[in-house]
Amino acid sequence: MLNRLLRASMTKILGPIAHLFLRLGISPDIVTIVGTAGVCVGALAFFPRGEIWVGVLVITAFVFSDNVDGIMARESGRSSKWGAYLDSTLDRVGDAAIFGGLVLFYAGRGNNQLMAGLALACLILGSVVSYAKARAEGLGYTANVGIAERADRLVAVLVAAFFADVFNSTVLLGVVLGLLAVASFVTVLQRMLTVRRQALASGEVKP
């Protein structure tokens, strides 16, 4: 949902930054790599120490690189399968770092096994959501369905984590993590059912 609603707005806002990077001779791949590294540092250097709100601000500063590199690739005519592959792969790394950082905090200093379990569930199910789509496309199917897209998950967990730390309350973040875990599970089922319908329609699978 957020991908569709904000794509045009983010292009207008981040366009000048993308153009500046291109004039400086920076490649989209470098922006992708640096952005992912920044997200990982923000999540894994600050979250486990309990500095959640600081980590969120660092992550937010770098997470928009995912939009910047796309604008740069389109504007420079350098869009390629390699670029799309690199971007998608490193997106998974960044997502895992965010939820992994929360797992480390709540399993350690945060001392909250329920929250650690919820964050771990989001990490695992989020990875399966992405894999379900990628594997479907690799087999010639499509699985562009689901109620828990990447942008939705990221915005929800980062906003909730920020305010949970500022107000020293885990209730909001716990609710958000629980909802994200459920939404991710539902998305996996949606994609599996979608692929099965396509397989049945093609005759590859018997009812």
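**Close-up views of a predicted model**

**The start of helix α6, with Asn-112 beside Leu-114.** A side-chain oxygen of Asn-112 comes within 3.2 Å of the backbone nitrogen of Leu-114, at the start of α6. Such a polar contact is a pair of N or O atoms within 3.5 Å; within protein, one atom must be able to donate a hydrogen and the other to accept it, and residues adjacent in sequence count only if both atoms are side-chain atoms. This is a predicted model: local features need pLDDT of at least 70, side-chain atom pairs count only at pLDDT 80 or more, and totals for chains, interfaces and linings use all residues. Residues are numbered from 1 along each chain as its sequence is written, and side-chain values use heavy atoms, with hydrogens and water left out.

**Helix α6 from end to end, residues 113-138.** Helices are DSSP runs (H or I, at least four residues), numbered from the N terminus. The expected span of a helix is 1.5 Å times one less than its number of residues. For the 26 residues of α6 that gives 38 Å; the end C-alpha atoms are 37 Å apart, which agrees. Gly-140 follows α6, and its phi is positive, near 90°.

**The buried residues of α6 and their cover.** Buried means under 20% relative accessible area, exposed means over 50%, and partly exposed lies in between (1.4 Å probe, protein chains only). Among the buried residues of α6 are Met-115, Ala-119, Cys-122, Leu-125, Val-129 and Ala-136. Their cover includes α5 (81-107), α7 (150-166) and α8 (171-202).

**Arg-191, a buried residue of helix α8.** Arg-191 has 8% relative accessibility, so this residue counts as buried. Which residues does Arg-191 touch, not counting residues up to four places away in sequence? The answer is Val-129, Ser-130, Ala-132, Lys-133, Ala-143 and Val-145. Contact here means heavy atoms within 4.5 Å. Of these partners, Val-129, Ser-130 and Ala-132 are buried residues of α6.

**Arg-150 and its acidic partners.** A salt bridge is a side-chain nitrogen of Lys or Arg within 4 Å of a carboxyl oxygen of Asp or Glu. Arg-150 and Asp-91 form one, at 3.6 Å from N to O. Arg-150 lies in α7 and Asp-91 in α5, so this pair ties together parts 59 residues apart in sequence. Asp-91 is buried, at 11%; Arg-150, at 18%, also counts as buried. Asp-95 makes a salt bridge with Arg-150 too, with the closest N and O atoms 3.0 Å apart. Asp-95 sits in α5, and this pair spans 55 residues. Asp-95 is buried, like Arg-150. Shared partners join Asp-91, Arg-92, Asp-95 and Arg-150 into one network.

**The salt bridge of Glu-51 and Arg-49.** The closest N and O atoms of this pair are 3.1 Å apart. Glu-51 is partly exposed, at 31% relative accessibility. Arg-49 is partly exposed as well, at 42%. A search of the whole structure finds four salt bridges.

**A nonpolar surface patch of about 760 Å².** Patches are made of residues with over 30% relative accessible area and no salt bridge; like charges are joined within 9 Å, and nonpolar side chains (Val, Leu, Ile, Met, Phe, Trp, Tyr) within 5 Å. Accessible areas come from the Shrake-Rupley method with a 1.4 Å probe; for residues, only the protein chains shown count as cover. The patch includes Trp-53, Leu-57, Phe-163 and Leu-172. Helices α3 (52-63) and α7 each supply at least two residues. The most come from α7, with four. Val-166, a patch residue, lies in α7 and is partly exposed, at 43%.
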